[in-house]
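Thanks for coming, everyone. Please have the sequence and the model open while I talk.

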Amino acid sequence: MSMAPRTDTRSPAQDDSAPHSADSHDLIRVHGARENNLKDVTVEIPKRRLTVFTGVSGSGKSSLVFDTIAAESQRLINETYSTFVQGFMPTSARPDVDVLDGLTTAIIVDQQRMGAHSRSTVATATDTGAMLRILFSRLGRPHIGPPRAFSFNTPSISGSGAVTVERGGKTVKERRSFSVTGGMCPRCEGMGTASDIDLTQLFDASKSIAEGAITVPGYKVDGHWTVRIFAESGFLDPKKPIRDFTGTELHDFLYREPTKIKVSGINLTYEGLIPKVQKSFLSKDREALQPHIRAFVDRAVTFTDCPECGGTRLSAGARSSKIKGISIADACATQISDLAVWVRGLDEPSVAPLLRALGETLDSFVAIGLGYLSLDRPTGTLSGGEAQRVKMIRHLGSPLTDVTYVFDEPTIGLHPHDIQRMNALLLQLRDKGNTVLVVEHKPETIAIADHVVDLGPGAGTAGGEVVFEGTVEGLRAGSTLTGRHLDDRTSLKPSVRTPRGALEVRGADSHNLKDVDVDIPLGVLVAITGVAGSGKSSLIHGSVAGRDGVVTVDQSAIKGSRRSNPATYTGLLEPIRKAFAKANGVKPALFSANSEGACPHCNGAGVIYVDLAMMAGTASTCEECEGKRFQASVLDHHLGGRDISEVLAMSVAEAEEFFGAGEARTPAAHKVLDRLVDVGLGYLTLGQPLTTLSGGERQRLKLATHMTEKGGVYVLDEPTTGLHLADVEQLLGLLDRLVDSGKSVVVIEHHQAVMAHADWIIDLGPGAGHDGGSVVFEGTPADLVAARSATLTGEHLAAYVGAGA
């Protein structure tokens with residue numbers, strides 16, 4: 001069969017040398033961006049390239065990348081959905097920018113912690129859990145049912161009853177029964193833990209209810225309805241000591257099911273004390289509880305593995321079905337790198353596509369440096385860096401191309417050895433034809449950029465400008481702060497401090513630790529190092545944090561609303577209010593935007609929020625107070641020539657000078673401001689909402705507040721998180737001042753500058769997961785460099801300080 005020759009249908013104008021007009025859209029153009037501190041920023045970002053955004057903390061990187069480019073892309077995508085669907089999606093206003101052109105679909109992979117619900121695990125947060133359930137429903141022996149039979153979130157239920165059926169023109173009643181086989185452990189309801197309540201923490205058995213026997217926080221004899229219900233229920237004698245209760249009275253007091261009663265003619269529900277405490281305190285997120293309630297829960301409740309399922313969350317049936325001797329509970333508890341090997345060893349043609357997809361996903365975990373995790377790991381226990389990398393898993397094998405991936409410091413929590421793998425993954429996403437935007441401080445990741453956008457020159461009001469655009473070589477040759485510090489290297493100290501005693505750790509075995517014995521020197525700067533998953537956090541948080549005199553500053557998020565700001569969080573506002581009140585002879589409450597001094601029109605928010613239901617809500621400056629948040633009469637009161645709204649608009653550095661001398665001199669406020677400047681937050685404004693702070697800024701804000709606590713040992717978890725290269729030197733100075741003041745400082749850290757500056761290094765490894773958990777080196781940084789070939793940390797530290805082979 002002959003084929004007709006192909007006719008060229010191109011127009012004469014379309015010759016081979018002329019590019020297609022569609023290929024001309026190769027830039028993301030931003031003109032006049034003014035989000036947060038950005039000052040009419042104009043920038044052009046190449047598509048299908050890796051662009052790294054640099055600059056000191058607070059220079060405007062996140063404002064440009066996340067709050068402008070990514071936010072507008074997602075807003076425009078959301079507008080393509082129906083109004084009904086938009087009502088269920090987060091709404092956001094258009095960013096403050098003149099022109100945004102050339103946008104593509106943005107996928108944000110940030111550091112937000114994943115859901116901390118106790119039912120959420122690494123398996124449920126990725127496709128791996130669903131694929132494993134299908135695998136065991138097909139190959140597991142004995143066969144127990146469909147995939148839901150292996151889900152710890154699905155209970156087994158059954159029932160029967162009469163149903164009415166129309167048949168042949170007649171109504172017939174038939175008896176029907178049904179059953180659903182789920183994988184949930186009936187004892188712990190899929191939670192994996194059982195709680196045991198210490199009754200001595202709930203009541204004083206020597207007292208009667210009328211005498212205040214109930215010691216649960218908030219259960220006061222005078223006026224508390226719950227106590228009154230117990231006293232007037234008629235089920236027990238309120239004047240009898242609890243130790244004299246009969247068996248029936250004690251059961252009714254502690255365990256009685258909800259029962260309708262009348263107290264003073266009012267219909268109420270009586271319920272035993274134990275279920276009341278469980279509903280009031282144990283069903284809530286522990287971190288969301290008030291400090292005194294949290295302390296009570298920690299005293300009164302102990303959590304242990306469920307005795308029926310052994311903490312696996314699964315029913316006996318789900319645990320009984322196995323593939324080659326492995327149950328789904330065993331598979332989820334296995335280290336992911338080992339599970340990947342096991343999956344590759346299964347040869348079953350009937351589920352070959354499933355095995356291939358599952359194997360590729362597990363291999364992605366290993367490639368991204370998370371092979372040490374297990375699938376049953378609760379997502380709430382993942383660090384910010386681990387959570388971000390777990391989110392990356394779903395994108396690595398994605399068939400999508402020509403999208404914009406936005407990363408927020410993807411190297412956080414990574415050992416220098418792992419940063420190389422992260423760089424390879426970023427380049428892999430780019431090479432698939434995607435635009436990759438990365439906010440980053442690490443020079444190893446800046447070095448692989450195709451394009452660099454440096455913001456500055458300073459932070460806060462001193463930043464918000466593009467100070468450099470171009471290649472890495474151009475940045476290095478330039479005069480910007482980032483360019484000047486890009487090749488900074490902290491050298492080893494010629495001499496180290498002498499310890500004064502040691503903090504002994506014996507038999508540490510939490511998580512992957514292997515019965516570790518180690519002495520942590522006191523009175524010096526100690527760095528705990530090792531690859532991600534080697535056991536650093538397990539050692540410190542499991543065996544050091546919580547001891548008397550130990551102050552721990554970890555990476556847990558700061559909880560606060562848009563009304564919370566650095567002044568309220570640090571307690572700074574209290575002495576400021578008192579100083580204003582004393583100077584003007586009025587009440588301190590007048591100088592709180594959350595109390596008597598609040599503008600009545602906006603309730604002290606400074607803006608009016610309008611909910612437009614199905615459309616994006618809007619926020620407009622309050623016309624009454626002009627965004628100052630206070631009543632006009634309050635602003636008539638001054639201290640040092642400034643009113644309270646002007647003080648809250650000051651930067652920390654400006655306020656430190658203001659409250660340090662002159663009429664406004666306030667030593668208590670000046671002390672707090674000194675600490676904020678010490679941790680590198682001098683550019684923040686006192687009234688800036690906490691919700692606008694970056695992760696690194698929040699971490700350092702916590703550090704500033706914890707510096708007031710009385711304790712001889714400070715434990716810091718990666719304090720360099722979010723720090724610019726130029727700020728690391730300032731942090732090292734702060735750590736030195738803490739040690740020189742008589743404190744002992746223990747730092748979990750990956751940054752080589754901190755390692756080189758330490759007096760003592762404890763390196764864990766040699767690998768991650770079950771390949772780690774041992775102390776592989778103890779000694780000075782110089783000793784570690786000398787023994788460089790012994791550990792991965794030694795190799796990278798030697799390369800960092802430029803030690804010869």
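Where is the place of P766? P766 sits in the loop between β26 (760-765) and β27 (774-779). Keep in mind that this is a predicted model.

Why start with P766? Look at the bond just before it. The peptide bond from G765 to P766 is cis, with omega near 5 degrees. There is another cis bond to show you. The peptide bond from R141 to P142 is cis, and its omega is near 0 degrees. P142 is also in a loop, the one between α4 (128-139) and β6 (157-167).

Now a backbone angle. E189 is not a glycine, yet it has a positive phi of about 55 degrees. Find E189 in the loop between β7 (170-180) and β8 (193-197). Here is the background for these three spots. Most residues other than glycine have a negative phi, and most peptide bonds are trans.

Next, the domains. The domain assignment gives domain 1 as 21-112 + 382-485. Domain 2 is 122-185 + 309-364, and domain 3 is 193-305. Domain 4 is 488-558 + 699-804, and domain 5 is 561-692. The centres of domain 1 and domain 5, taken over C-alpha atoms, are separated by 32 Å.

Now a helix pair. Two packed helices are described by the angle between their axes and the distance between the axes. Take helix α6 (residues 247-255) and helix α7 (residues 273-282). Their axes come within 4 Å and cross at roughly 10 degrees. Angles under 35 degrees count as roughly parallel, so α6 is roughly parallel to α7. Which residues of α6 and α7 make the contact? From α6 they are F253, L254 and Y255. From α7 they are L273, I274 and P275. Sort the residues of this contact, and you get six nonpolar, no polar and no charged.

On to the empty spaces. How many cavities of 30 Å³ or more are there? The count is four. The largest cavity holds about 140 Å³ of space. Its lining has 18 residues, and K442, T720, T721, G722 and H751 lie nearest the centre of the cavity. That lining splits into four nonpolar, nine polar and five charged residues. Where does the largest cavity lie? Domain 1 and domain 4 both give residues to its lining, so the largest cavity lies between these two domains.

Last, a pocket. The second largest pocket has a volume of about 420 Å³. It is lined by 22 residues. Nearest the centre of this pocket are P443, D488, R489, L725 and Y800. Four elements give two or more residues to its lining: α15 (443-446), α25 (725-740), α26 (752-757) and α28 (792-801). Which element gives the largest share of that lining? It is α25, with five residues. By type, the pocket lining has ten nonpolar, five polar and seven charged residues. Domain 1 and domain 4 come up again here: each gives at least three residues to the lining of the second largest pocket.

To finish, please find two things on your screen. One is the cavity between domain 1 and domain 4. The other is the cis bond from G765 to P766.

Technical notes:
Residues are numbered from 1 along each chain as its sequence is written. This is a predicted model: local features need pLDDT of at least 70, side-chain atom pairs count only at pLDDT 80 or more; totals for chains, interfaces and linings use all residues. Side-chain values use heavy atoms; hydrogens and water are left out. On a 1 Å grid over the protein atoms alone, a cavity is a set of points where a 1.4 Å probe fits but cannot get out, and a pocket is an open set with protein on both sides within 12 Å along at least five of seven lines; lining residues have an atom within 4 Å of a point. Grid points are joined across faces, edges and corners, and a volume is the space filled by probe spheres set on the points. Ala, Val, Leu, Ile, Met, Phe, Trp, Tyr, Cys and Pro count as nonpolar, Asp, Glu, Lys and Arg as charged, and the others, Gly among them, as polar. Domain bounds come from an automatic or database domain assignment. Axes are lines fitted to C-alpha atoms, for helices over the stretch in contact, and angles run from 0 to 180 degrees between N-to-C directions. Angles under 35 degrees count as roughly parallel, over 145 as roughly antiparallel, 65 to 115 as roughly perpendicular and the rest as oblique. Contact means heavy atoms within 4.5 Å.
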